Amino acid sequence: MTQQTENNTPNINAPSINTPTTPAPTGFDQLKLHPALLAAVKAEGYTVPTPIQQQAIPDVLAGRDLLGIAQTGTGKTAAFALPILHRLVANQVRLGRSLTRVLVLSPTRELASQIADSFRTYGRDLPVRGAVVYGGVSFGPQARQLQSGVDIVVATPGRLLDHITQGTLKLDKTEIFVLDEADQMLDLGFMRDIRKIVALLPQNRQNLFFSATMPKEIGNLAGELLRNPARVQVTPVAKTADRVEQRVVFCEGARKRAILAEILTKIATTRTLVFARTKRGADKVAEYLEKGGIPANAIHGNKSQGQRERALNAFRNGHCRVLVATDIAARGIDVDGVGHVVNYDLPNVPESYVHRIGRTARAGAEGMAISLCDPSERAFLRDIERLIRQTIPKLEMPGEAPAQRKAA
């Protein structure tokens with residue numbers, strides 16, 4: 001596939017793709033969804049669509065391509081799952097061997113599982129079959145599930161290509177292609193795999209493209225895939241949560257672990273999510289905390305599926321109050337009650353900072369985000385402050401004499 005030039009990327013300010021085709025409905029009952037879907041939504045306790053659902057569902061129902069700029073927690077999974085289920089039931093077809101009508105690509109196992117769960121929840125009373133395929137588990141059961149054909153496949157790129165290579169899945173009858181968390185696909189190095197997969201899809205298909213941020217490479221990819229897309233953007237990426245108190249600690253890199261332990265002992269006494277830049281770094285931080293008597297687990301791509309699920313469940317259930325994660329692994333974490341986020345390493349992409357700290361202060365609660373900044377990360381901090389248009393105050397540690405924040 002030939003990569004288009006930067007001039008062909010979607011213009012995120014263009015009114016032609018920024019205007020909804022229909023007025024935004026105010027309730028699920030106005031979205032013209034199948035009665036079984038409305039009943040399932042109601043059973044889950046939802047009555048009013050989120051902004052992305054209000055804007056996206058009518059266009060997806062109409063068969064338009066969609067560019068969605070939205071972060072985790074905005075309701076974007078239902079924004080594509082509900083209309084996709086509606087369309088499948090409205091036009092039922094007999095599936096051939098190893099075929100699928102819908103392909104959803106996800107960067108991580110956890111997120112793939114969550115998406116598949118959403119399809120199952122909303123489509124529980126519909127004649128729709130789905131499968132989720134990802135690495136870290138046995139290949140055989142997945143192959144057998146795909147053998148007779150399924151309506152929806154939710155997959156990570158690597159394992160999907162394994163199934164395609166082995167002939168257990170074919171994409172030549174796929175009608176809808178969903179690319180979720182595109183920016184994290186880029187960070188994981190999946191761009192080549194995605195282009196291989198896209199080359200196997202029929203030319204005549206609907207494309208739904210979601211990303212929390214829009215770096216240049218993702219804009220290029222969107223320009224290649226999308227045709228006259230409707231555009232939906234919720235919660236500007238530069239806007240941090242209003243109820244998140246933000247602080248920074250300036251320190252030498254060698255002192256970060258000790259300072260983190262002090263923060264977790266004296267300040268962050270609630271459920272805390274710690275972000276590290278690398279998998280090895282996440283392991284080292286968790287080990288240090290454990291040795292210091294602070295229960296902590298690490299979660300990242302090198303962990304087995306079982307290890308990841310156990311760590312996440314312990315964090316969700318309150319049995320372990322500190323979870324150290326990489327940006328990639330954190331995309332599959334949807335846990336309420338996170339009181340603190342600590343950036344052990346500052347992200348080199350400023351939009352990632354906004355996404356990270358959005359893990360706290362959910363559902364009307366308050367939260368705190370603390371960033372540890374060593375001299376080599378001052379430029380990252382400046383980029384973040386420029387993006388969010390505010391200066392992050394210095395954190396005064398307990399027992400520390402008040403001091404003015406030095407210019408970064």
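**Ser-98, the parallel sheets and the salt bridges**

Leaving aside residues up to four places away in sequence, Ser-98 touches Leu-146, Gln-147, Ser-148, Gly-149, Gly-167, Thr-168, Leu-169 and Lys-170. The model is predicted. Ser-98 sits in the loop that runs between α3 (76-90) and β2 (100-105). Its relative accessibility is 4%; because buried means under 20%, Ser-98 counts as buried.

The chain as a whole contains 15 helices and 13 strands. It has 408 residues, of which 55% count as buried. Among contacts with a separation of 6 or more, 77% come from residues 24 or more positions apart. The exposed surface of the chain is about 17900 Å². Carbon and sulfur atoms supply 48% of that surface.

An open sheet is formed by 7 strands. Their order is β3-β4-β2-β5-β6-β1-β7, and the pairing is parallel. The edges are β3 (130-133) and β7 (230-233), each of which pairs on one side only. From one strand to the next, the twist averages 15°. Helix α3 packs on this sheet and touches β2, β4, β5 (176-179) and β6 (206-211). The direction of α3 makes about 165° with that of β6. At the β3 edge, 4 bridges join β3 to β4 (residues 150-155), and the two strands run parallel. Val-132 has Val-154 in β4 as its bridge partner.

Strand β12 (residues 340-343) has parallel partners in β9 and β13. With β9 (residues 272-275), β12 pairs over 4 bridges in the parallel sense. Here Leu-273 stands opposite Val-341. With β13 (residues 367-373), β12 is again joined by 4 bridges, and the strands run parallel. In this pair, Asn-343 stands opposite Ser-371. In a regular strand, side chains alternate between the two faces of the sheet. Within β12, His-340 and Val-342 point one way, while Val-341 and Asn-343 point the other way. All of these residues are buried.

The salt bridges number 18. One of them joins the side chains of Arg-124 and Glu-44, with an N to O distance of 3.3 Å. Arg-124 lies in the loop between α4 (109-122) and β3, and Glu-44 in the loop between α1 (35-43) and α2 (51-61), so this pair ties together parts 80 residues apart in sequence. Arg-124 is partly exposed, at a relative accessible area of 41%. Glu-44 is partly exposed as well, at 35%.

Glu-181 and Lys-76 also meet through their side chains in a salt bridge, at 3.3 Å from N to O. Glu-181 lies in the loop between β5 and α7 (182-187) and Lys-76 in helix α3, so the pair links parts that are 105 residues apart in sequence. Glu-181 is buried, with a relative accessible area of 1%. Lys-76 counts as buried too, at 6% relative accessibility.

A further salt bridge lies within helix α6 (residues 157-166), which holds both Arg-159 and Asp-162. The closest N and O atoms of Arg-159 and Asp-162 are 3.9 Å apart. These two residues are 3 residues apart, about one turn of the helix. Arg-159 is buried, with a relative accessible area of 12%. Asp-162 is partly exposed, with a relative accessible area of 38%. Finally, a network of salt bridges links Lys-256, Arg-277, Asp-345, Asp-374 and Glu-377.

Definitions and conventions
Residues numbered from 1 in each chain as written. Predicted model: local features only at pLDDT ≥ 70, side-chain atom pairs only at ≥ 80, totals over all residues. Heavy atoms only, no water. Buried < 20%, exposed > 50% of the residue type's maximum accessible area, 1.4 Å probe, protein only. Contact = heavy atoms within 4.5 Å. Areas by Shrake-Rupley, 256 points an atom, 1.4 Å probe, with all protein chains shown as cover. Pairing = 2+ DSSP bridges. Axes fitted to C-alpha atoms, helices over the stretch in contact; angles between N-to-C directions. Salt bridge = Lys/Arg side-chain N within 4 Å of Asp/Glu carboxyl O.
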